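Trainee: Could we take a close look at one part of this model together? I would like to start with a single helix and then see what lies around it.

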Amino acid sequence: MAAAPFDSAEFPFADTRDFENAERGYLGTLDSGQILNSAGEAVWNADSYSFITGEAPPTVHPSLWRQSKLVAMHGLFEVIPGIYQVRGFDLSNITFVESDSGVIVIDPLISTETAAAALGLYRAHRGERRVVAVIYTHSHADHFGGVKGVTSQAEVDSGDVAIYAPSGFMEHTVAENLYAGTAMGRRAGYMYGAALLRNKRGGVGAGLGQTTSTGTVTLIAPTVEITTTGETHTIDGVRVEFQMAPGTEAPSEMHFLFPDLRALCMAENATHTLHNLLTLRGALVRDPHVWAGYLTEAIVRYGDKADVAFASHHWPTWGEENIVEFLETQRDLYAYLHDQTLRYLNQGYNGAEIAELIELPPALAASWSTHGYYGSISHNVKAIYQRYMGWYDGNPARLWQHTPAEKAVRYIDFMGGADEVVRKARIAFDEGDLRWAAEVLDHVVFAEPGHAAGSALLADTLERLGFGSENGTWRDAYLSGAMELRTGNFGTPVSSTSADLLAVLSIEQFFDAIAIQIDGPQAFDLNLSITWVLTDPGPAASPQSYRTTLKNGVFIHQQGASKPSDLTITMPHAAIGSLATGSLTGAMDAGLTTEGDATVLATLFGVLSPGDPAFNIVTP
């Protein structure tokens, strides 16, 4: 089944500089592209993308095929003497900066296994340098999860290894994975094509990187928090100047310059793709206006001080003039989408309409780095609309619509029944109107989940849309939907929630985690109170005493314990992680004790309704 029609004249295929830059400085890679965990299972397989060579097949958009060729390159690369990157060992890059007595690690990937393999490859070429520091550029798991593959908690606790991160890192790291982590994880399986076979009809890459590794996610809390733009630290003889960039690609993010090396790290705010303002997995909407502003600041501060700019994804850019041009292009991209969306918004257009209206200026469209391999103009424009205006477009006819399943039943009835809808949808499919076929067939599946012909044609339609998509995450989402329609729910193949993440929960975050799991109706008639006494302050230096109440289905916490409670719990911070997983036995082993009515805690835990990592997406 072929992809959608493609006009190669609209794309700058004559510009091959990206291939030259992506190959520059290559030193070598592992003998096998498979990276295994302790059980011998592959958590990463770069070799699985070895089929991405030559001309694009009819099942992959030629522009995405080109991007996947670039991103599938893997191994150790010299950025400049003293700075090395391992690319293609995970969704992100890991960077090594050589210091007086060892090496500084920037962004240790998602998994300990991939990070350790990358460090091993670096040492095979550059010698047994010890890790002296780790820098997290921002608060996403693909930039800290492999930290225990390059260092240990003991080395950090002893002061042998320092960990640098931007202000707010721990708060935002935990919050993103805690509050909506289950839903994000399930949707991320679609976004990254985690369950897709790696072939010309399946997973070819997500544009920003190929996919996510599936190894052990860890976390070590920062020992040095960067708070101010212009703040400078010397790390084992290497000077680093930091630029704060909060609220951009991540809520906690920073860029930094190595002035003596004339090297600029742009974290994830300037990569070789249009990035996401709202990811398909879900997140808080990012601010393109602020994003563009910090890129302008980087150009002004560092544009004449760097000979190379590198990032946590993709390949570097060399040469002062090229760096400034690249950063200006990226800056103009986000600023243009922001400003034009607001222009149309204020003329009365809604997000879906604006997404169809906006086209990039020719000078921006001529750059490969503006193409929507990971983000897209369509969903980014809708995100900007959502940021300013919310979900409601102002039309009261759309203010109180039925749920998808209820709408589906009514649509199908209006349209003459499921069989008639499928007949007409097949005509639309054959004529290439795939967007319409997908919309009406979605109603068939939600109205009559057992309608085999409707499900089969929707799967074919989603597959065809995936084959024609330039965007890697759109392709993954379409093909994952087709897969689930054909073979069933694949759940959440990869989760960033880990024991390390739960271990660093503050007591306030633990209370928030309880609150969002309360089954309100089950708790309507409950009136419970608990005093919590911490015997140590924990990493967040929380106050030692809290009082929580569950009343009217609402779980409330407040500092202090001025009133008596049904139950008093005394515990060290170490018990929080066990409680967060529902293990009272583990919490008691960690030192939790109770005084008062012990049934209160069991009653509280009895009305929790945890998230479902296998909720349905393409079926009701």
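Which residues are buried in α5?

Mentor: Happy to walk through that with you, and please keep in mind that this is a predicted model. In α5, the buried residues are Phe169, Thr173, Val174, Ala175, Glu176, Asn177 and Leu178. Helix α5 spans residues 169-178, and seven of its 10 residues are buried, so the helix is largely enclosed by the rest of the structure. The cover over those buried residues includes strand β9 (162-166) and the helices α6 (181-191), α17 (499-503) and α18 (507-515).

Helix α18 gives us a good way onward. Phe510 and Phe511 are among the residues that Trp532 touches, once residues up to four places away in sequence are set aside. Others on that list include Gln544, Ser545, Tyr546, Ile569, Met571 and Leu601. Trp532 also belongs to the largest nonpolar core, which has 66 residues. Along with Phe96, Val134, Tyr136, Ile518, Met571 and Leu604, Trp532 touches the most other members of that core. Helix α3 (residues 112-126) supplies the largest share of this core, with six residues. Another core lies apart from it, with 33 residues, including Leu257, Leu345, Ile358 and Leu364.

Now for the strands around Trp532. Strand β17 (residues 527-534) pairs with strand β18 (residues 545-551) in the antiparallel sense, over seven bridges. Within this pairing, Tyr546 in β18 is the bridge partner of Trp532, and Tyr546 is also one of the residues that Trp532 touches. On from there, β18 pairs with strand β19 (residues 554-559), again antiparallel, over six bridges; here Arg547 has Gln558 in β19 as its bridge partner. The hairpin of β18 and β19 has two residues between the strands, and Asn552 takes a positive phi near 60° there.

For another piece of strand pairing, look at the open sheet of six strands, ordered β11-β12-β13-β14-β15-β16, with mixed pairing. Its edges are β11 (232-235) and β16 (317-318); each has a single partner strand, so one side of each is left without a neighbour in the sheet. Inside that order, β12 (residues 238-244) and β13 (residues 254-258) run antiparallel and are joined by four bridges, with Phe256 in β13 as the bridge partner of Phe242. Helix α7 (residues 288-302) lies across β12, β13 and β14 (263-265), and runs at about 145° to β12.

Technical notes: Residues are numbered from 1 along each chain as its sequence is written. This is a predicted model: local features need pLDDT of at least 70, side-chain atom pairs count only at pLDDT 80 or more; totals for chains, interfaces and linings use all residues. Side-chain values use heavy atoms; hydrogens and water are left out. Two strands pair if DSSP finds at least two bridges between them. Contact means heavy atoms within 4.5 Å. Axes are lines fitted to C-alpha atoms, for helices over the stretch in contact, and angles run from 0 to 180 degrees between N-to-C directions. A nonpolar core is a set of buried Ala, Val, Leu, Ile, Met, Phe, Trp, Tyr and Cys residues joined through side-chain atoms within 4.5 Å. Buried means under 20% relative accessible area, exposed over 50%, partly exposed in between (1.4 Å probe, protein chains only).
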